[in-house]
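Subject: Structure handover

Hello,

Here is the structure I said I would pass on. My notes on what was found in it follow below.

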Amino acid sequence: MGEFWPVPDVLAYLTGRWRVRRSVRDLASGLDGEFTGGTDFRPLEGGGLLHHESGTFVWQGVARPAERTLRFLPGSSPGTADVRFADGRPFHDLDLTTGRHVAGHPCAADLYRGEFTALDAGRWRTVWRVGGPAKDLVLTTDYVREG
C-alpha cells in the first residue's frame, strides 16, 4: 500500500459514521484549538450524502459545542463528488480516485485550499490552509471509521 488509497466510489467510501479530531492552528497568533466529535454520512433523498458533524471545539481553554452540515452530491464519475454547504451553495469538488485531491474555495478575500487524502478503508484526512487578510490558519482533520 502506498501513501494514498485510491477510492473508486467516494460516496460509498464515506457512507457511515466517523470519529473526528481536528487541530486548528492560527499562524498569526500562534494559538491552537481542537475539535473532537463525530460525523455521519447518510443517504440524501435524490442522491448523494448528507454530512452532519457535531462535537466540542476547545479554543483558548474554552469548550463550546460545534456542528456543521454539508451535502456531498454525485460528481461526474463514482470517484467524485460535488460538495455543497447545507443551503446548497457550492463549496468544493472532490475526486479521490487516486486517493488524493486538492481543492480551493474563495471566501470573501480569504482563500481556502484543501488537501484530501484517503489513507485506507477506514481512515482519511483533510488539511485546509486558509490565507488572506482575515485569516491565517491550518486546520488538520483526521477521520476514523466507527464500527
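In this predicted model, ten strands form an open sheet with antiparallel pairing, in the order β6-β5-β4-β3-β2-β1-β10-β9-β8-β7. The edges are taken by β6 and β7 (100–107), each of which has a single partner strand, so one side of each is left without a neighbour in the sheet. On average, and with direction ignored, neighbouring strands of this sheet are turned by 20° against each other.

Two of the strand pairs were looked at in detail.

Strand β5 (residues 80–85) and strand β6 (residues 90–95) pair in the antiparallel sense over five bridges. One bridge partner to note is P90 in β6, which pairs with R84. The hairpin of β5 and β6 has four residues between the strands, and in this hairpin G88 takes a positive phi near 95°. R84 also forms a salt bridge with D82, where the closest N and O atoms are 2.9 Å apart. Both ends of that salt bridge are partly exposed: R84 has a relative accessible area of 23%, and D82 stands at 25% relative accessibility. There is also a charge over a ring to report here: the charged end of R89 sits over the ring of F85, 4.4 Å from its centre.

Strand β9 (residues 123–131) and strand β10 (residues 136–145) run antiparallel and are joined by nine bridges. R129 stands opposite V138 in β10. The side chain of R129 also meets that of D136 in a salt bridge, at 2.8 Å from N to O. Here R129 counts as partly exposed at 35% relative accessibility, and D136 is partly exposed too, with a relative accessible area of 27%. Elsewhere, salt bridges that share partners join R17, D40 and E146 into one network.

Two residues of this pair of strands have their surroundings listed. V138, in strand β10, counts as partly exposed at 23% relative accessibility. Leaving aside neighbours within four places in sequence, V138 is in contact with S23, V24, R25, L27, V127, W128 and R129. Its C-alpha atom is separated by 9.7 Å from that of G114, and the two residues are 24 apart along the chain. T126 lies in strand β9 and counts as buried, at 4% relative accessibility. With neighbours within four places in sequence again left aside, T126 is in contact with E115, F116, L139, T140, T141 and Y143.

On the salt bridges as a whole: side chains of opposite charge can pair when their charged atoms come close. The count for this model comes to twelve salt bridges. Besides those already named, the side chains of R22 and E53 meet in one, at 2.9 Å from N to O. R22 lies in strand β1 (residues 16–26) and E53 in strand β3 (residues 49–59), so the pair ties together parts that are 31 residues apart in sequence. Are R22 and E53 buried or exposed? Both are buried. Since the cut-off for buried is under 20% relative accessible area, R84 at 23% falls outside that class and is partly exposed.

The last topic is the aromatic residues. A pair of aromatic rings is described by the distance of the centres and the angle of the planes. The structure holds eleven aromatic pairs. One of them is F41 with F72: the ring centres are 5.2 Å apart and the planes are at 80°, so the pair is edge-to-face. This pair links distant parts of the chain, with F41 in strand β2 (residues 32–43) and F72 in strand β4 (residues 62–74), 31 residues apart. F41 counts as buried at 2% relative accessibility, and F72 is buried with a relative accessible area of 5%.

Which residues form one aromatic cluster? They are W5, Y13, W18, F41, F72, W124 and Y143. Y143 is also among the contacts of T126. Y13 has a charge over its ring: the charged end of R145 sits there, 5.8 Å from the ring centre.

Regards

Terms used:
Residues are numbered from 1 along each chain as its sequence is written. This is a predicted model: local features need pLDDT of at least 70, side-chain atom pairs count only at pLDDT 80 or more; totals for chains, interfaces and linings use all residues. Side-chain values use heavy atoms; hydrogens and water are left out. A salt bridge is a side-chain nitrogen of Lys or Arg within 4 Å of a carboxyl oxygen of Asp or Glu. Buried means under 20% relative accessible area, exposed over 50%, partly exposed in between (1.4 Å probe, protein chains only). Two strands pair if DSSP finds at least two bridges between them. Axes are lines fitted to C-alpha atoms, for helices over the stretch in contact, and angles run from 0 to 180 degrees between N-to-C directions. Contact means heavy atoms within 4.5 Å. Rings of Phe, Tyr and Trp (its six-membered ring) pair if their centres lie within 6.5 Å; planes under 30 degrees apart count as stacked, over 60 as edge-to-face and the rest as tilted. A charge sits over a ring if NZ of Lys or CZ of Arg is within 6 Å of the ring centre and within 35 degrees of the ring normal.
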